[in-house]
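This report concerns chain contacts, enclosed helices, a nonpolar core and the organisation of one chain. The sequence and structure are shown first.

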Amino acid sequence: MSVTRRQLLWATAGIGTAGALAACGSGSGRSDSEPAPAGSTSEQPRSGGTLKIGALGRASAVTRDPHGSQANESDYLIISLLYDTLAVPGDTANTVPRLAASWQPSPDLKTWRFTIADGAKFHDGTPVTAADVVWSLKRLRATPAGASRLPGIQPSGISAEGARTVVLVSDYANADLPLLTRLTTFVLKKDTKDDAVATASGSGPFKLDWFRDGNARLVRNDDWYGGKVLLDAVEVRIFESPQALANALLAGQIDVASNVGATAARTAGARKDVQVVRRPNDLAMPIVMRAAGGPFADPRVRQALRLAVDREAMVKQVLSGYGTVANDVLGTGDPAYARDLPQRTRDLVRARQLLGAAGFDLARSYDLVTTEDIPGLAESATLFATQVRETGVRINVVKQDSKLFWDASWLKAPLYASYWGTNDSVVFFASKTMVSEAGQNEAGWRDPAFDAAYRKALATADAAERAKVLHQLQEIEYDRSGYLLWGMADGIDLAAAPVRGLPRLPGYGRVQLEKTWLAR
Amino acid sequence: MTVRKLVRTVPALLLVLLALAGPLLAPHAVDQPVTAPYATPDAVATLGGDQLGRDLLSRLLSGGAPLIATALGIALLVTTAAAALGILAALRPRLGRWLERAADLAILLPAVLGIMLVALAWPGGGRLAVAAAATVLGIPYAVRIVAAAAAPVAATGYVETAAAGGERLWYLMVREVLPNLRATLLALFGLRFVEGVYIVSIAAFLQLGPQPPAADWALMIRENAPGILLNPWAVAAPSLAIGLLAISVNLAVEGIAARPTPESAL
Amino acid sequence: MSLVRFVWPAVRRLALLTVLLATVFAAVSLLPGDAATATSERGESATDLAARRAALGLDRPLAERFWDWLAGLPTGDLGTSAHGRPVTALLAAPFPNTLLLGGLALLLSVTGALALGSWAALRPGGRVDRAVATAATAAFALPEFVVSVALLLVLSLWTGWLPAVTLTGPDGAPASWRMLVLPLLALTIPQIGWNTRIVRGALADQASLPHVQAAILDGLPRHRVLTHHVLPGALPAIAVGTATSAGMLLGGAVVVETLFNYPGIGAVLAGAVADRDTPLVAGVVAATGAAISTLLLAADLIRDRTLGVRA
Amino acid sequence: MTTVRVTARVTDLSIAISDGPQLLTGATLTLTPGRVHALTGPSGAGKTTLLRALLGALPPGARRTAGTVTVLGHDPLDLPERELRALRRHRLAYVGQDPGSGLNPRMRVGRLITETAADPSGQGLRDLLAQVRLPTDEQFERRRPGELSGGQQRRVALARALARRPELLLLDEPTAGLDPALRDEIADLLRELATRHGLAVALATHDPRLVSRCADDVLTLTLTPATRRTPARAPRTRTAPASPAPALVTARGLGAYVGGRRDRRPVLTDLDLDLTPGTRTGIVGASGSGKTTLVRLLAGLHPPATGTLALAGTPLAPSHRARTREQRRRIQLVPQNPLGALNPARTIGATLTRPLRLHFSLPQEQCAARVAGLLRSVGLPSEFADRYPYELSGGQRQRVSIARALAAEPDVLLCDEVTSALDADTATGIMGLLSGLCADHGLALALVSHDLPLVGTYADTVLTLGGAAPAPVELSQGRVGPG
C-alpha cells in the first residue's frame with residue numbers, strides 16, 4: 001500500500017540469458033524529446049556545476065547496501081554513481097564494458113573470462129583486483145535474491161585467474177551471459193565488514209560527500225578510469241510522491257525529475273523552459289490470464305480478450321499518448337523482436353465468436369486484481385474492464401494493497417494486471433516468466449514447443465540461426481501465451497533547460513550521468 | 001420550529017437532494033471515457049475530463065451520495081454510541097473513569113494509524129472498512145464531550161430525586177438526562193459528519209476506502225491531483241462540493257440546535 | 001504545586017502510553033502478511049523468505065518481541081526496522097522535523113483560534129460571529145490535501161514566491177526556513193478551524209456565568225469583560241480541547257509531508273505500515289505518543305491550576 | 001418646585017415576558033439622594049425586575065408594556081449602548097441577589113475593588129475596605145472570593161459597587177442568608193452611606209428587620225391577581241394514629257465524609273436519629289455541619305462511612321439503588337436548590353404525573369385531576385401544569401418540587417431548606433400544609449433549615465449538628481436566640 005509512489009521492483013532487472021538490446025532508437029524511430037535542446041549537437045560540452053536530480057523513494061525503505069534489495073529508485077541511483085558494475089546497458093550495443101574491459105566465452109558457451117579495465121582504482125586510490133570482484137560477486141550471490149540475480153551461476157563457479165581476470169562458469173550454455181553482469185554486480189573492496197558497507201569506497205564516477213535519510217551529495221571522481229566526468233557534483237533528493245517530484249522541477253528547485261510519469265510530462269509540456277525526455281519501451285503493464293486453469297485456460301478465450309481490447313484507446317487514455325502500441329509479445333526493445341507479426345487490432349465480432357465456441361460463461365462476473373504501485377496500472381485495469389464489457393464479459397476491478405497483491409494474487413489469480421519495470425530481451429522474459437520451470441511464471445503457462453524453442457535459442461552461438469529460432473519462439477508466444485500486452489509506456493524524465501547529455505536508455509540505463517553536463 | 005430555523009436547514013437539504021438525484025442527472029456514464037485525460041472543459045464534458053478522460057460532471061453528480069451516506073452513517077453511529085456511553089459515564093462515575101481512560105488511549109493513537117490498522121485488517125477493505133475505522137476512532141473522543149456535558153445535568157436535583165424516587169437507570173438516561181443534551185448532541189452530530197468526510201478523504205489519500213472506478217468526491221480529489229494544472233476543475237469541483245457540504249450541514253445543525261438560553265452579549 | 005500532584009498524572013500518562021504501544025504491536029501483527037513478505041523482492045524463494053523471517057525475529061511469539069522492544073525503550077534503542085536499519089537512526093532527523101512543524105502549527109493555530117474566537121465572541125450572533133463560524137467549519141472540513149494543493153498552486157507554482165518542496169541539508173533539517181512556510185500553512189489552516197470552534201464554545205459557556213453578567217452590569221467595556229472575566233475562566237477548557245486535537249496534526253502531517261516532500265515522521269509512518277514494519281511503527285507511535293502525552297499533561301496541569309483556584 | 005434633586009423616577013411601569021407571564025404591573029417610585037427606599041412584597045411580585053429596569057437590563061425576552069423610567073435624566077430602557085455603559089460604569093451601581101457568584105473567582109479582593117474604582121490607589125482601596133468594615137491588611141487584599149465567608153463576599157461586592165462613587169445604589173436582597181448581627185451591620189452601613197455621601201439607595205428585601213432599621217420609604221409590590229393564591233390546607237381522610245407509634249426511620253451510629261480523595265473530611269460522626277410518624281424534626285447547624293449530607297444519606301444519595309439505617313424495623317440499604325421501589329416511594333426528598341429541582345425539558349404537569357404513574361400506575365385521565373389537586377395544595381393555580389420551569393420564580397418552583405414529593409404519598413418527607421426562596425407568608429402556608437399532613441397522615445417530616453425562627457415555631461424536636469452548636473432554641477414561637 002504505497003502512497004502514489006512508483007515502486008519499481010528493480011529485482012526484475014535480473015539479466016535475461018540471451019538476446020541483445022539494440023539501441024533504444026529501434027521501434028518507433030529516434031526517441032524525440034520535445035522540445036529538442038537548441039543546437040545540442042553544436043554546443044561544446046562544458047564541465048562544472050552541480051546537477052540536482054530528484055528520484056522516487058520511501059524514507060522508511062532507505063538502504064545503503066549495494067547488494068541489498070533497493071526498493072527505492074533514489075537508493076539505486078546513488079549506488080550506481082558510487083560503485084561500478086562489470087558491464088552496463090549501452091545505447092549502441094547491448095552490453096557496454098565498464099569495470100570489465102572485455103570478455104571471451106569458451107567454445108561450449110559455459111565459461112566466460114572477464115578482464116578488468118586497466119587503471120581502475122577505488123576512491124581511496126587502491127587498484128581494483130580480481131579478488132575484489134570475486135568477493136563482491138560471491139557476496140551478491142549469497143543474498144536471498146542471489147539465485148534470481150545470477151541465474152545458472154553457482155557460488156563455486158566464480159573464481160579469479162591472476163590479478164586481472166575473473167572466470168564465471170554457467171550450469172548451461174548461455175550465449176548472453178555478460179547480460180547478467182550489467183545491473184547488480186557492484187564491486188567493493190575485499191572483506192568489507194557488513195556495517196562498513198555503507199561508507200565503503202567504490203570505483204564509480206562520483207565520490208560520496210554526505211548521505212542523510214535518502215538524500216545525498218556526490219562529488220566528481222577526477223581520476224576515474226572510464227573517462228572525464230563533466231559535472232562537479234550531483235545532489236540526489238528522495239521524493240515520496242511523483243507529484244512532489246514534478247512540482248519541485250516546475251518550481252526550479254531541482255534540475256532533473258527522474259521517472260515522473262505521463263501526467264507530469266503533460267503538465268510540463270506547456271512550459272517552454274522544461275525539456276520532456278521520453279525513453280520508449282520503458283514499462284510494460286500486461287494483463288495476465290492464467291493458462292494453467294480457471295476460466296481463461298482455453299486459448300480461444302485468451303485470444304478473444306486480446307481481440308476485445310482497444311490498444312490505441314488504452315495508450316491514449318492511460319498513458320496520455322506517451323507510449324507505443326504492443327502486440328502481446330514481451331521484449332519490444334529487443335532487435336530480435338518479431339516486428340513482422342501482424343499487429344492485432346480490435347475485432348469484437350471475432351471475439352464473440354471465439355467466446356461462443358469456447359462456451360465461456362457470460363452470466364457471472366470475473367475479478368481483475370490490480371494494485372496502485374505504478375501510476376496508470378489501476379487506470380489500465382479499469383479501462384480494460386470497460387472495453388471488454390462490450391463483448392459481454394463482465395469484469396470487476398479489485399484493487400488490493402501492494403503487500404496483499406504480491407502475497408495472494410501474483411502468480412495465483414486467474415486474471416490480474418502485472419508490470420515489468422525494465423525492458424530486456426525476448427529471451428529474458430521467456431526465461432523469467434514463460435518457460436514452464438520459470439521462477440515467476442505469472443500465467444502458469446506450460447507449452448512444450450515453447451520450452452524446446454527456448455532451449456535451442458540458448459544453445460546456438462550463430463547469430464542468424466538464433467534469430468530464426470527466436471522468431472519461432474515469439475510466434476508461439478503471440479498465439480498462445482497468457483499475456484495480453486496492449487502497449488509499452490515511455491519512461492519520462494523532466495529536465496531544466498540547461499541540462500544536456502541525459503541518458504536516453506529505458507529501464508535502469510537512466511542512471512548513467514557521467515556524460516551529463518550543464519550549459520549554464 | 002421557527003421559520004428562521006427552517007431557513008438555515010434549506011442549503012443542506014438542497015445539497016443532499018442534489019446528491020441523491022445526481023446519478024439521474026448525469027449526462028454520461030460514470031466509468032465511460034468521453035474525452036482526453038484531464039481535458040479542459042468543452043462541449044462534451046462541461047467540466048472537462050478526469051484522469052482517465054471520464055466526464056467530470058457526471059462523476060461529480062454521482063460521487064456525492066456515497067460520501068454523504070458514509071459520513072451520515074459514521075455521524076449517526078458515533079453520536080448514538082457516544083450519547084449512551086457519555087450519559088452512562090455521567091450517571092455511574094466509576095464506569096465513567098474507565099471510559100475516560102479509554103478516551104485518553106484513543107486520543108494518543110494517531111487517527112491516521114488507526115485508519116490504516118482497521119482498514120487493512122478489514123477483509124476486502126473498501127468503504128465499510130473506513131466507516132468502521134472512523135466510528136471506532138470517533139467514539140472515545142465524542143464520549144468525552146457528552147460525558148462533560150452530561151455531568152452537570154446528572155448532578156442536578158431533579159435527576160437525583162428521580163433516582164432516589166425509584167426510577168431505573170435507562171429511564172434516568174433517556175427521559176431525564178437525554179432531553180437536556182439536545183444542543184450538545186446535535187452539535188456533536190454536525191461535527192462528526194464533517195469529521196467523517198475528513199476521514200474518508202485521508203483514507204482515500206492512503207488508498208484505503210472507496211475503490212476505483214467508484215465515483216466518490218474524496219477519491220476523485222486524490223485521483224485527479226496530478227493533473228491539477230491541466231484541468232483545475234478535476235480537483236476544484238469535488239473540493240468545493242465537500243466544502244459546501246460541510247458548511248451547509250453545520251449551518252443546519254446549528255439552526256436546529258439553537259442554544260437553549262440565547263447567548264448573552266458581552 | 002506539590003511534586004506529588006505532578007508525578008501521579010505523569011505516571012498515569014506513561015502507563016497509558018505503554019498500553020497503547022502494546023495495542024499497536026498487536027494490531028500491526030494482525031494485518032495480513034508480515035515484515036518479511038512485505039520487504040521481499042519478487043523473485044525470492046520460500047526458503048529464503050523463511051530465513052529472513054527468522055533473521056527479523058518474526059518467528060518469536062508477539063509478547064516476547066514486544067517485551068524485548070519495550071526493554072530497549074528507556075535506553076533509547078527502538079529496535080531495528082525491517083530494512084535492517086536501527087529505528088532510532090531512522091527517526092533521528094524526521095522526528096524533530098515533524099515536532100518543529102507540528103509545534104509551530106499548534107502554536108499558530110491556538111493563537112489564531114484565540115484571536116478569532118474572542119473576536120467572534122464579542123458580539124454573539126453578529127456578522128463577525130457567523131462569518132468566523134462558517135470559515136472555521138470550511139477550514140476543518142476541507143481535507144489537508146486540498147488545502148495543500150491550493151496553497152502550492154497559489155503561493156508557489158503560479159507566483160513563485162515560495163519553494164514548492166522542502167529540500168534537506170546534510171543535517172537532515174530543511175535547508176531554508178522558506179521551505180517551512182507552505183507545509184506549516186497547510187497544516188495550520190484545518191487546525192485553526194477546529195481550535196476556533198473549541199475556543200468559541202468555551203467562551204460561550206463562560207459568558208453565561210453570573211460573575212460575567214455582573215461585570216457587564218458594572219458597565220465595563222466589552223473587550224475588558226472578555227479579557228479579564230471570560231477568557232481566564234475558559235482557559236482550562238481551551239487547553240484540554242486544543243491538546244486533545246493535537247493528535248489530528250499527525251494525520252495532517254502524513255498528507256502534507258508526502259505532498260511537500262517534507263522530511264518528517266508522517267511519511268515514515270505511512271511507509272512503515274505498508275512494510276508491516278512493527279518496530280518502526282511502534283517507534284513512531286512511541287515518539288508521537290510521548291509528545292502528545294506531554295501536551296495533555298501540560299493541559300491537565302493548566303486545568304488543575306485554574307480550577308484549583310476556584311472556591 | 002421641590003428643591004430636592006430627583007435621582008430616579010418610575011411611573012406606572014409594567015413589564016411582561018412576550019406572550020408570557022406579567023412580571024411587574026403599575027410600579028411608581030421616586031429616588032432622591034440621601035434616602036433609602038425599600039421594595040418589599042411576596043416573591044414573584046417583581047422586586048428584582050423593577051431594580052433591573054432602573055439598570056436598563058431586563059431579563060431576556062421581557063419588555064416594557066407601559067409606564068416610564070428616568071434615571072439621572074436618561075431613560076435606561078432605550079438609551080444607546082455606549083451611554084448606558086457609561087451610566088452603569090460611573091453613576092449607577094448594582095449588587096445582585098447572590099454576590100458570592102457575582103465576584104470573579106480568579107480575581108483577588110484588591111483587584112476586584114480597584115477594577116471599577118474612581119481612585120484605584122492603595123489608600124483609596126483601604127478607605128473602601130474600612131468603609132464596609134472589612135480588614136484592611138495586605139494579607140486580606142490578596143485573598144480570592146473563594147476564601148471568604150458569605151458575609152465577607154457580600155461586603156466586598158458592596159465595596160466594589162461603592163468604588164466608582166455612584167449617585168444611585170441598587171441592592172437586591174442585601175441581607176439574605178446572613179445571621180442577624182451581620183444584617184444589622186449592613187443596615188447601619190447603608191443608612192450611613194445614604195446620609196453621609198448623599199447616595200440614593202434602593203433595595204429589594206423581604207426582611208422586615210432591615211426595612212425597619214434603615215429604610216426611609218417603602219414600596220410594597222403586590223402579586224398580580226393571576227399569581228395570588230393562599231395555600232389551602234389539603235383535606236385528606238386518612239386517620240393519624242393517636243399514640244406515638246414506633247419510630248419509622250431509625251439510624252444508629254451514622255458517620256459520613258465529604259470531599260474528594262484529596263480533601264476528605266468527616267462531617268457526621270456516630271449520630272443516632274429517630275423519625276417517628278406524625279412528628280416534625282428540625283435539623284439545624286452552621287453551614288458545612290452536615291445538614292444536607294444527613295438528609296442525602298437518609299435518601300440513599302450519599303454513602304455512609306459507618307452506621308446502620310432501618311425503615312419501619314426492616315434494615316434499609318445505604319444506597320438508593322439497592323432499595324426496593326416501595327422503600328424509595330416511602331422516603332421522598334425535596335432538594336435544596338429550587339433552580340435545579342425541576343427538569344427544564346418537561347412541563348410541570350409531566351413532572352407531577354410521573355410519580356403517579358410510576359408508583360400507582362394511575363390511568364392517564366385521573367392524573368390530570370390529581371395534579372391539579374397537588375398544585376392547589378401548595379398554593380399554585382392548576383394552569384401551571386402546562387408551563388415550563390423557566391417560566392416560574394424560585395419560590396414557585398420550590399412549591400412544585402414539594403408537590404412532586406407529596407404525589408408519591410410518602411411516609412417520610414426530607415425537606416432541605418424548602419423555605420429559603422419563599423417569602424414569609426408563603427413559607428407559613430407551606431409549613432402549615434406539611435404540619436397538617438404530619439398530623440392527619442402520620443407523615444414523618446425532617447426539616448433542614450438555617451432559619452431558626454421557622455424551626456422554632458414548627459419543629460417538635462430539634463437535632464443540632466456540628467461542633468459550635470447555636471444556643472438551644474426555645475420551642476415556643478416568637479423568641480429568637482442569638483444567631
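## Contacts of chain C

In this structure, chain C places 43 of its residues in contact with 38 residues of chain A. The model is a predicted one. On the side of chain C that touches chain A, two or more residues come from each of α2 (35-38), α3 (46-55), α8 (144-158), α12 (247-259) and α13 (265-274) of chain C. Helix α13(C) supplies the largest share, 6 residues. Chain C also meets chain B, where 46 residues of chain C are in contact with 38 residues of chain B. Here helix α1 (residues 3-30) of chain C gives the most to the side that touches chain B, with 7 residues. The two sides of chain C are set out by residue class below.

| Side of chain C | Nonpolar | Polar | Charged |
|---|---|---|---|
| Touching chain A | 22 residues | 13 residues | 8 residues |
| Touching chain B | 33 residues | 11 residues | 2 residues |

## Two enclosed helices

Which residues of α13(C) are buried? They are I265(C), G266(C), A267(C), V268(C), L269(C), A270(C), G271(C), A272(C), V273(C) and A274(C). Because 10 of the 10 residues of α13(C) are buried, this helix is largely enclosed by the rest of the structure. Just after α13(C), R276(C) adopts a positive phi of about 50°.

In chain A, helix α6 (residues 299-308) has 8 of its 10 residues buried, so α6(A) is likewise largely enclosed by the rest of the structure. The buried residues of α6(A) are V301(A), R302(A), Q303(A), A304(A), L305(A), R306(A), L307(A) and A308(A). They pack against four elements of chain A, namely β13 (287-289), α8 (348-357), α9 (377-389) and β18 (483-484).

## The largest nonpolar core

In soluble globular proteins, nonpolar side chains tend to be buried together. The largest nonpolar core of this model holds 481 residues. Those that touch the most other members are L494(A), I115(B), V130(B), V146(B), V197(B), V201(D) and L414(D). The surroundings of V130(B) can be given in detail. With neighbours within four places in sequence left aside, V130(B) is in contact with I115(B), A119(B), I199(B), V200(B), A203(B), L208(B) and G209(B). One of these contacts, I115(B), is itself among the core residues that touch the most other members.

## Organisation of chain D

Chain D has 483 residues, of which 46% count as buried. Its secondary structure comprises 16 helices and 17 strands. Among the contacts in chain D with a separation of 6 or more, 72% are between residues 24 or more positions apart. The domain assignment divides the chain into domain 1 (8-227) and domain 2 (249-474), and the C-alpha centres of these two domains of chain D lie 33 Å apart.

An open sheet of 5 strands in chain D follows the order β5-β6-β7-β3-β8, with parallel pairing. Which strands of chain D form its edges? The edge strands are β5 (92-95) and β8 (217-220) of chain D, each of which pairs on one side only. From one strand to the next, the twist averages 15°. At the β5(D) edge, the partner is strand β6 (residues 168-172) of chain D, joined to β5(D) by 4 bridges and running parallel to it. Within this pair, L92(D) stands opposite L168(D) in β6(D).

Conventions: Residues are numbered from 1 along each chain as its sequence is written. Chains are lettered from A and ligands numbered from 1 in the order in which they are written. This is a predicted model: local features need pLDDT of at least 70, side-chain atom pairs count only at pLDDT 80 or more; totals for chains, interfaces and linings use all residues. A residue is buried if 20 or more other C-beta atoms lie within 10 Å of its own, exposed if 12 or fewer, and partly exposed in between; C-beta atoms are placed from the backbone. Two residues are in contact if their C-beta atoms, placed from the backbone, lie within 7 Å. Ala, Val, Leu, Ile, Met, Phe, Trp, Tyr, Cys and Pro count as nonpolar, Asp, Glu, Lys and Arg as charged, and the others, Gly among them, as polar. Domain bounds come from an automatic or database domain assignment. A nonpolar core is a set of buried Ala, Val, Leu, Ile, Met, Phe, Trp, Tyr and Cys residues joined through C-beta atoms within 7 Å. Two strands pair if DSSP finds at least two bridges between them. Axes are lines fitted to C-alpha atoms, for helices over the stretch in contact, and angles run from 0 to 180 degrees between N-to-C directions.
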